[in-house]
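Please examine the model below before reading the exchange that accompanies it.

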Number of protein chains: 2
Amino acid sequence: MKEVKKIVIIGGVACGPKAASRARRLLPDAEITIIEQGEIISYGSCGIPLYLAGMLPDIDSLMTTASGMKRSIEYFDQEKAVHVMNKTRATAIDREKKEVVIYQKEKGTESRISYDQLVLAVGADPIVPDVPGIQLNGVSVLHDPQQAESIRTAIKEEGIKQIAIIGGGAIGLEIAISLIGKGREVVLVERSDQLMPGIFDPEMADLIKRELEDNGVNVLLGEGLKSLKGDTQNQVKKFTTANGIYDTDMVIIATGVRPNVELARDCGLEIGETGAIKVNEYMQTSDPDIFAGGDCVENVHLVSGQKVYVPLASTSNKHGRVIGSNLAGKKETFPGILGTSAIQAGEYNAGKTGLTEKEALKLGYPVISTIVSGHDTAHYHPMHGKAILKLIAHQETGKLLGAQVTGMGEVIKRLDVYSAAIYMGADLEQISHFDTGYAPPFSTPIDIGIHGANALLNLKEGLVKGVSVPEVKQMLADKADFIMLDVRSAKEAKLRPLKGGVVVNIPITELRARYGEIPPHRKIIAFCPLGIRSYEAATLLQGKGYQNVSFMKGGTSALPELTDAD
Amino acid sequence: MKEVKKIVIIGGVACGPKAASRARRLLPDAEITIIEQGEIISYGSCGIPLYLAGMLPDIDSLMTTASGMKRSIEYFDQEKAVHVMNKTRATAIDREKKEVVIYQKEKGTESRISYDQLVLAVGADPIVPDVPGIQLNGVSVLHDPQQAESIRTAIKEEGIKQIAIIGGGAIGLEIAISLIGKGREVVLVERSDQLMPGIFDPEMADLIKRELEDNGVNVLLGEGLKSLKGDTQNQVKKFTTANGIYDTDMVIIATGVRPNVELARDCGLEIGETGAIKVNEYMQTSDPDIFAGGDCVENVHLVSGQKVYVPLASTSNKHGRVIGSNLAGKKETFPGILGTSAIQAGEYNAGKTGLTEKEALKLGYPVISTIVSGHDTAHYHPMHGKAILKLIAHQETGKLLGAQVTGMGEVIKRLDVYSAAIYMGADLEQISHFDTGYAPPFSTPIDIGIHGANALLNLKEGLVKGVSVPEVKQMLADKADFIMLDVRSAKEAKLRPLKGGVVVNIPITELRARYGEIPPHRKIIAFCPLGIRSYEAATLLQGKGYQNVSFMKGGTSALPELTDAD
């Protein structure tokens, strides 16, 4: 009798079902079982903020396929012949006997299930800060659709007016934006001194913070949660940080996740330096018959070569496909990630790929960077939006190390092109020649993404010097000795004057005739809204023999508080 | 006395002004002159269809910078110290004396201007078919803003009701869409048997044609213009093709452009095999002191290595930058293009990069291709749109050779990623690992662009066989002996039944239980809306021992007329 291969997959959200589906297509006869502790499987957890925002008809939308079929247990069973055991927890792995010990919650029974190959797709759990009052009613994490439903019901029925979100990462931001409205006060509390630390450099995070604030979110930075206080019904009413005590009716914890490694560690599988399960390029753990993927494993960062823990649904699904192939005896590899992240907050899109400037400097790279601002379509197209892009490159090789994008415009398109470029090891000159799709609704003739590479090439070649937004901010704060050369038109300069600093306004159109008005031995920083006219001005003055001249990279678009009309 | 370098640039639309600006920044002291035969310079000619559609406040929008400054002659003069001679025609180049002979139209005088380095950015002229009646009133090309204004005025004031556009290329399509509305009849006349031949493969062009028709454009294929007939006032009233005589009030010629090579040829510069000016990688003509760029030169196609003539504003601007650098003594190169093209027709976006399947086959590549359909965002996101992507790859190396995209969704993002991939020589496996930005508003967890690479990898590895849309159409037309296996739900199958062919409907969810109903020795083609369920079905049947089974690549999304409800 033919031996049937037994595949057991622990975890039924993203990587697990994907691995099961792929393995099923390649191995028509294998016995495939998914063990899932929850009730539902294969749901779009990233859509939870959309559900909270009332953008989905119902929570079930997150559990259907693109064809509208519900990804139920029956669906997996009938269509894919994948057996799903839900409400079932894997409590131990017996590698000797190749068995998983499972506990069926409803029956209350423990049993064993044997495997030839095992997949750990056990995900991650929310980190809950260990502070007094964390058990109060009205304090919750937001990790699965049921929790989302409870929160939405509470908001609807209990007239919640003040909501505190703890954690200014991607999820915290998305939740904050999704809950704003109808007279609710939403406060976002972040321990670090910027939003999304590790994802964005400070000046880019600042732009995102402004957008949240413009949408009505109150952002508290540098304030870690200290404690929570409730009323007599144990309903949360206040939260405390180092800086103050604040009223609240509801607290949502979004302080990140921690990989589930207990099962793996308990059976002796190797845990990586990041604290997540260690896997090789075939997604095998230290036991070659046990694969692992998704939010419980670490990844190789393709720029730094280092191990990183970046749990993301897109990566989990890719892991699942590679694992599914390898269960069927293929030798597919998963090379690693770029830590790409994308977020929509209000009408603002933002994202990063590769290394931030901070990360690159910390890793010891010789770094050059710039910010460019501009439009995502032809500027005369009625639907154009602003795009602000930051590029970080290797000073010597010119290779792109990372990019960050923000703006109302289609900036994720540029992010994706940069991510492809970094994956393929492109340098700035190659990117400057990319033949992306041009027509007025899609791009300027020289796309802003390509313009970014050109601008950084100019700096790399020393054609002109640029000063970054944080540097300008610091110099203004320090009341340093320099002249801000405002090359906007007199009308623009009057409408949105620079706040602070010594300012000379000579419009770019008059600079060639009037440059003599600028003292030649002072430090000059030219600025304008997009960094284009000021770049022009800096080259012009340089050509006239000015030695100490530079332009503000990205322009006031990248540093809006500099010229905000009062 | 210091010798001042004299740079003369002939042509003031895209490449010329860009080269002038770049050279100015690098060479503060050079004397730079632009010679332009028209009145205006540096305008966004690609925005003309938007102007026609009434999407721009006025025609001047096309002549301003992103900062809102008019790119006038004074602007170039004052801001850039670039001298512009407009309404001036260069009539000859004296390479011996390094002089350009110029004719100033208004003064009626001829003179000479000397150069150290010369740039030919003389563009292209519209091709006007040599047919009887072409000189009638109401027949015009649409090449510059003045022509656009005349056409718009004529439509407004003369009550034009029927408009014929001759030429089904990108410009013809854009014009057709922009002129539809207010009771006007617009007919688009294309000689070839598909729209945009050379840009799209037939099945992708078919989808675009449907979109035009849905927008009310009448598309005539396979009908070349034979003659035009007018009334007693010499106003055009009819046009004739091989197939018929049609009424019309206005005819717009959009049958492509031809590079302006007369100046170059007359002074002995080498003309390339494509009929455009030949340049090397530094954008130098056969005379190293004469550069050429923009719509008058040919380019290297980076996939085929062949010389091609693909005039595009994006390429012209890139040429200008490289030429500007090299005028200043740098040695920058322009490696070539991918023939990337993007178009918006109604709410439909479409584009191509690299080679079409037709081109790839003609060039002798071993080709594999597929079409995938899906959503551009998470399918549960309220703003999702359809994306249909075609990928063409090298059967052996797996390198992506080309891609075509269509749909209401953000397909140009995927086009741009593919164009970066092809530029960098990526193969399907690399693309399948691209770490693009995922969040529900931007992508499915496995982005459709990456899904495309995965799907083609499956075909490459022979995991399953796919049948293309044109093949299925042909087989249905031939009444070939095969079974169309409809794996949609019974409800979907009833709502949009397949037109023609022998159809068996077994929903994918029931296939595993009911596959025995399908005769094992017949040819089976599974189909569904997106090609996902049918792929699943084909692998399932294969697993059950069916030998002659395949799925329809791209699904009925890619072949909508197959299941159109009557």
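The following questions and answers concern domains, interfaces and the relation between chains.

Reader: On what basis are the residues numbered and the values computed?

Author: This is a predicted model, in which local features need pLDDT of at least 70 and side-chain atom pairs count only at pLDDT 80 or more, while totals for chains, interfaces and linings use all residues. Residues are numbered from 1 along each chain as its sequence is written, chains are lettered from A and ligands numbered from 1 in the order in which they are written, and side-chain values use heavy atoms, leaving out hydrogens and water.

Reader: Into which domains is chain A divided?

Author: The bounds come from an automatic or database domain assignment. For chain A the division is domain 1 (6-124 + 258-327), domain 2 (139-255), domain 3 (347-460) and domain 4 (466-562).

Reader: Which three residues supply the most of the area that domain 1 of chain A buries against domain 2 of chain A?

Author: The centres of these two domains of chain A, taken over C-alpha atoms, are separated by 30 Å. Contact, meaning heavy atoms within 4.5 Å, takes in 13 residues from domain 1 and 13 residues from domain 2. The buried area, which is the accessible area (1.4 Å probe) that two parts lose on being put together, summed over both, is about 1200 Å², with 68% from carbon and sulfur atoms. Of the area that domain 1 buries here, 47% is supplied by A:Ile48, A:Tyr51 and A:Leu52.

Reader: Which helix gives the largest share of the side of domain 1 of chain A that touches domain 2 of chain A?

Author: Helices are DSSP runs (H or I, at least four residues), numbered from the N terminus. The largest share of this side of domain 1, four residues, belongs to helix H2 (residues 48-52) of chain A.

Reader: How many salt bridges join chain B and chain A?

Author: The contact between the chains involves 93 residues from chain B and 93 residues from chain A, and about 8100 Å² is buried between them, 60% of it on carbon and sulfur atoms. A salt bridge is a side-chain nitrogen of Lys or Arg within 4 Å of a carboxyl oxygen of Asp or Glu. One example pairs B:Arg25 with A:Glu536 (3.3 Å, N to O). Between chain B and chain A the count is eight salt bridges.

Reader: Why does the salt bridge of A:Lys413 and B:Asp416 join two chains?

Author: The closest N and O atoms of A:Lys413 and B:Asp416 are 3.9 Å apart. The pair joins two chains because B:Asp416 lies in helix H10 of chain B and A:Lys413 in helix H10 (residues 411-423) of chain A.

Reader: What relation does the superposition of chain B on chain A represent?

Author: Two copies of a chain are related by a rotation about an axis and a shift along it. With least-squares superposition on the C-alpha atoms of residues with pLDDT of at least 70 in both copies, chain B falls on chain A after a rotation of 180° with 0.0 Å of shift along the axis (RMSD 0.0 Å). This is therefore the relation of a two-fold axis.
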